[in-house]
Amino acid sequence: MHFNGSGDAAVRGTETFYRAAEKGNVNAAPDIAFARAVQAGLLGGLRAIDAGAKDRGVKPDTLSGPGGLGVLNDRALGNIGRAVPAVAALAEIEFITHPAVDRLLAGGGGATARRRAVAVPLAEAIRGYLRAG
């Protein structure tokens, strides 16, 4: 989980990245399914506290700012040669550089409770994915 940022303070929304197949992903289909579950849980939690939460979607990490995310690297995850590779996704919760998001999730009264309201559905989505697998 990570908070996103932008030089444009108007940008906002949540997105989830998975390792792109062209980056050598050894289990792209399960990673995409996991990323979709993460995004659905995250978006549900965000919309519970902010009806205007924007869905930026599920994307390969080649569409991230750096064009690849080391935390999703299969070698770093120990997936090379593993019979059942671990699934991985990176959830960009929101753009903390947006003033309304900063007030909603980082500062102001009740921010801790609002973060919990986002984290619980996200955790439930992850548990649900793992139980179904």
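**Core packing and local environments in the predicted model**

Outside its neighbours within four places in sequence, Leu 42 contacts Thr 14, Ala 91, Glu 92, Ile 93, Val 118 and Leu 122. These contacts are taken from a predicted model. A second core, separate and made up of five residues, includes Phe 17, Leu 69, Ala 88 and Leu 90.

Leu 42 also appears in the description of the largest nonpolar core, which comprises 13 residues. Val 38, Leu 42, Leu 46, Ile 93, Leu 105 and Val 118 are the residues with the most contacts inside this core. Two or more residues are given to the core by each of helix H1 (28-49), strand S4 (90-95), helix H3 (99-106) and helix H4 (111-132). Of these elements, H1 gives the most, with five residues. In soluble globular proteins, nonpolar side chains tend to be buried together.

The arrangement of H3 and H4 was examined next. Two packed helices are described by the angle between their axes and the distance between the axes. For H3 and H4, the packing angle is about 90° and the axes are 6 Å apart. Because angles of 65 to 115 degrees count as roughly perpendicular, H3 is classed as roughly perpendicular to H4. On the H3 side, the contact is made by Arg 103, Leu 104, Leu 105 and Ala 106, and on the H4 side by Ala 111, Arg 114, Arg 115 and Val 118. Classified by residue type, this contact has five nonpolar and three charged residues, with no polar ones. Leu 105 and Val 118, both part of the H3 and H4 contact, are also listed among the residues with the most contacts inside the largest core.

Pro 121 is located in helix H4. With a relative accessible area of 24%, Pro 121 is partly exposed, since this class lies between the limits of 20% and 50%. Its contacts, with residues up to four places away in sequence left out, are Gly 41, Gly 45 and Arg 116. The C-alpha atom of Pro 121 is separated by 6.8 Å from that of Gly 44, although the two residues are 77 residues apart along the chain.

Two residues of the second core and its surroundings lie in one loop. Leu 69 is placed in the loop between S3 and H2, and Ser 64 is in the loop between strand S3 (55-60) and helix H2 (74-77). Leu 69 has a relative accessibility of 12% and therefore counts as buried, the limit being under 20%. Ser 64 is likewise buried, at a relative accessible area of 9%. When residues up to four places away in sequence are not counted, Leu 69 touches Phe 17, Arg 19, Asp 61, Ser 64 and Leu 90, whereas Ser 64 touches Phe 17 and Leu 69. Phe 17 and Leu 90, both touched by Leu 69, are included with Leu 69 in the second core. The side chain of Ser 64 additionally reaches the backbone oxygen of Asp 61 at 2.7 Å. Leu 69 and Arg 19 are 50 residues apart along the chain, and their C-alpha atoms are separated by 7.4 Å.

A further loop position was considered. Asp 50 lies in the loop between H1 and S3. The relative accessibility of Asp 50 is 18%, so this residue counts as buried. Asp 50 touches Arg 12 and Leu 104, with residues up to four places away in sequence not counted. Leu 104 is also one of the H3 residues that make the contact with H4.

Note on methods
Residues are numbered from 1 along each chain as its sequence is written. This is a predicted model: local features need pLDDT of at least 70, side-chain atom pairs count only at pLDDT 80 or more; totals for chains, interfaces and linings use all residues. Side-chain values use heavy atoms; hydrogens and water are left out. Helices (H or I, at least four residues) and strands (E, at least two) are DSSP runs, numbered from the N terminus. Buried means under 20% relative accessible area, exposed over 50%, partly exposed in between (1.4 Å probe, protein chains only). A polar contact is a pair of N or O atoms within 3.5 Å; within protein, one must be able to donate a hydrogen and the other to accept it, and residues adjacent in sequence count only if both atoms are side-chain atoms. Contact means heavy atoms within 4.5 Å. A nonpolar core is a set of buried Ala, Val, Leu, Ile, Met, Phe, Trp, Tyr and Cys residues joined through side-chain atoms within 4.5 Å. Axes are lines fitted to C-alpha atoms, for helices over the stretch in contact, and angles run from 0 to 180 degrees between N-to-C directions. Angles under 35 degrees count as roughly parallel, over 145 as roughly antiparallel, 65 to 115 as roughly perpendicular and the rest as oblique. Ala, Val, Leu, Ile, Met, Phe, Trp, Tyr, Cys and Pro count as nonpolar, Asp, Glu, Lys and Arg as charged, and the others, Gly among them, as polar.
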